[in-house]
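Welcome! Have the sequence and the 3D view ready, and try each exercise on your own before you read its solution.

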Amino acid sequence: MSLDVAIIGCGRIGLPLALAFADRGLKVIGVDNDEQRLAAISSGQMPFEEPGAQDALDRATSAGTIEWSSRVTDAAQADAIVITLGTPSFSHIEIDLRQIQSVLDDLLPVLREGQLLVLRSTIAPGTTDFVAGYLRKHRDFVVGENIFVAHVPERIAAGKFFEEIETLPCIVGGVGERSGDAAAKLFETLGAPIVQTTPINAELAKIWANILRYTMFALPNRLMVECEQYDANVFEVIDLINRDYPRGGMASPGMTAGTCLRKDFAFSEERSNGPGMLLAVSRVNESVPLFIVDGLKTRLGSLEGRKVAVLGLAFKADTDDERDSLSHKLIRLLERELADVSVHDPHVATPTASFSEAIIDADAVVVATDHTVLGSPDVLRSIIDGAKGEAIIADPWNSFGQNAVFASLSEIYAAQRA
Ligand SMILES: NC(=O)c1ccc[n+]([C@@H]2O[C@H](COP(=O)([O-])OP(=O)(O)OC[C@H]3O[C@@H](n4cnc5c(N)ncnc54)[C@H](O)[C@@H]3O)[C@@H](O)[C@H]2O)c1
C-alpha cells in the first residue's frame, strides 16, 4: 500500500503524533528499533500514559490505518518522513545527534525525489541546515527543489498531546520556500494554525521556550534557598511579590527537571557567546535535592538509619515519565546520608511501595513530585496518622498548602486544630 507519512521513533512524541495522523485518515507507518516497545504497540497496548492515546491506538488498530516496523528503510515507502528520535545532550554541553545521524545513514540509499523529511525532535541551532547539507553531500539532492527538509518542533506538553495538537500554533521552518509549504501541507491536516519561518528561527523558538521555563523556575528555587538562609518564608515572599502587582509574576519553587528542560539549554550553551548564564540556571535547579537533604539534616540531625519517605518519582505532576527526574537524585543523596529511603509513586511503571508502607513510622516525608493525588488534605491526614509525631514534611511545591517548605507534623497538627 502507498503510505502518506512515516514516523521514525515511536516514543512519547512520535507515537501520539503517528496516532493523530492516522485519526485524520492518513496512511501511517510507525518505525522504532525497540522491539519490546513495538511488540506492545502492535498488540494494541500503549507503552506509557498519555490521555486519549489508548483510544486513538484502538481506533487506528481496528481501522488498519497504521502499520509498524523495526526497519528504518521501510519509512521510505511514505511520501513524508517525520523524525521524532531522542536528542539527548552529551555531558560535553553538546547535542547528541547519534540517533538522528544513524537513521539518516539508513535512509540515504532509499530516499526518493519529491519526499519530505521533517525534524520534529528538539535540535540545536543549525541542525536542520546540517541535515539538508548531509543529503546534498551524500545524495546530490537539491534541498527545497527535489527533496524537502523542514524543522517542525514539538511544543506540546506531556499529558496534553490530543488537546494541544489541534490548537497550538505549529511552527514550520523549511529549507527553501517549497520545503516549508510541503511540511505545512502535512501538518495542516492536524488542524492547528501554521506559522512558517526559517529553520534557524524555528530551532531557536523551540529551545528558548524551554530555556524561558527553566529560567523562570530557577528564580523561585534560588529564592527558596535564600529564604532558608535568612529564616524567611518563600511562599509569603512570593505572595508579596505577586499580590496585585502588575510587574510580578514570580513562579513557585519545585524540583525542576525532566528530559526537555534539563538538556535543551545545552543546545544554546554549546555555541554561546555569553557562556555560563544558562549553566548557572541549571545549577540552581539541580541544587534543589541537596537543599532538601540539607534542610532535613538541619532539623533532624544525622539521617543515618532515619526513615525518609519520598513521594513521587516522576519529573512532574500527573505523568509516568521518570526520565531526568530530580527524585532519583534526591534518593541517591539521601542514601549517601545512610537514610532508609522508601518511595511511593502511583503513576510510574517502576515498582514502588504502597503509600502506607512508604510513610509508616517515617522520620521525614518529602513531596518530590506534585502529583494531584498526593496533594489532598486526606493524604496529609494519613501522613499525620502514620509518620512519627515529630516527623518533618518537606513540601517545596506547597502541595499541602501549608506555606512552609519544611514543617514538623506537630506544627501542622497544631495549626490545624487552632
Ligand atoms: N517528551 C516530551 O515531552 C517532549 C516534548 C517536546 C519535544 N520533545 C523532543 O522530542 C524528541 C523525542 O522525545 P521523546 O520523549 O519522544 O523520546 P523517546 O526516547 O521517548 O523516543 C524516541 C524513540 O526513538 C526510538 N529510536 C531510537 N533510535 C532509533 C533508531 N535508530 N531507529 C528507530 N527508532 C529509534 C527509541 O526506541 C524511542 O522509542 C526529543 O528530541 C525531545 O527532546 C520531547
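The exercises below work through a predicted model, beginning with its sheets and ending with its ligand.

**Exercise 1.** Find the open sheet of eight strands and work out its strand order and its edges.

*Solution.*
Step 1: Trace the sheet from one side to the other, and you should read the order 3-2-1-4-7-8-9-10. The pairing in this sheet is mixed.
Step 2: Look for strands that pair on one side only; these are strand 3 (66–69) and strand 10 (194–197), the edge strands.
Step 3: Compare the directions of neighbours. On average, neighbouring strands are turned by 25 degrees against each other, with direction ignored.

**Exercise 2.** In which sense do strand 1 and strand 2 pair, parallel or antiparallel?

*Solution.*
Step 1: Recall that strands of a sheet pair through backbone hydrogen bonds, in either a parallel or an antiparallel way.
Step 2: Locate strand 1 at residues 3–8 and strand 2 at residues 28–31. Four bridges link them in the parallel sense.
Step 3: Pick out one facing pair: Ile7 has Gly30 of strand 2 opposite.

**Exercise 3.** Which strands does helix 8 lie across?

*Solution.*
Step 1: Find helix 8 at residues 199–230.
Step 2: Beneath your cursor, look for strand 8 (148–151), strand 9 (170–174) and strand 10, since helix 8 lies across these three.
Step 3: Note the direction: helix 8 runs at about 140 degrees to strand 9.

**Exercise 4.** Describe the open sheet of five strands.

*Solution.*
Step 1: The order is 12-11-13-14-15, and the pairing is mixed.
Step 2: Strand 12 (340–344) and strand 15 (406–408) are the edges, each pairing on one side only.
Step 3: From one strand to the next, the twist averages 20 degrees.
Step 4: Strand 11 (residues 307–311) runs parallel to strand 12, joined to it by five bridges. Here Val310 faces Val343 of strand 12.

**Exercise 5.** What surrounds the ligand, and which residues come nearest?

*Solution.*
Step 1: There are 25 residues around the ligand, and Ile13, Asp32, Thr87, Lys263 and Arg323 come nearest.
Step 2: Sort the shell by class: seven residues are nonpolar, 10 polar and eight charged. Helix 4 (residues 98–107) supplies the largest share, three residues.
Step 3: Check ligand oxygen atoms for polar partners. A polar side-chain atom of Arg323 is 2.8 Å from one, and a polar backbone atom of Thr122 is 3.0 Å from one. For an N or O atom in the side chain of Arg37, the distance is 3.2 Å.
Step 4: Finish with the surface: alone, the ligand exposes 830 Å², of which the protein buries 88%.

How values were computed. Residues numbered from 1 in each chain as written. Predicted model: local features only at pLDDT ≥ 70, side-chain atom pairs only at ≥ 80, totals over all residues. Heavy atoms only, no water. Pairing = 2+ DSSP bridges. Helix = DSSP H or I, 4+ residues; strand = E, 2+ residues; numbered from the N terminus. Axes fitted to C-alpha atoms, helices over the stretch in contact; angles between N-to-C directions. Contact = heavy atoms within 4.5 Å. Near = heavy atom within 4 Å. Polar contact = N/O pair within 3.5 Å; in protein donor to acceptor, adjacent residues only side chain to side chain. Areas by Shrake-Rupley, 256 points an atom, 1.4 Å probe, with all protein chains shown as cover. Nonpolar A, V, L, I, M, F, W, Y, C, P; charged D, E, K, R; others polar.
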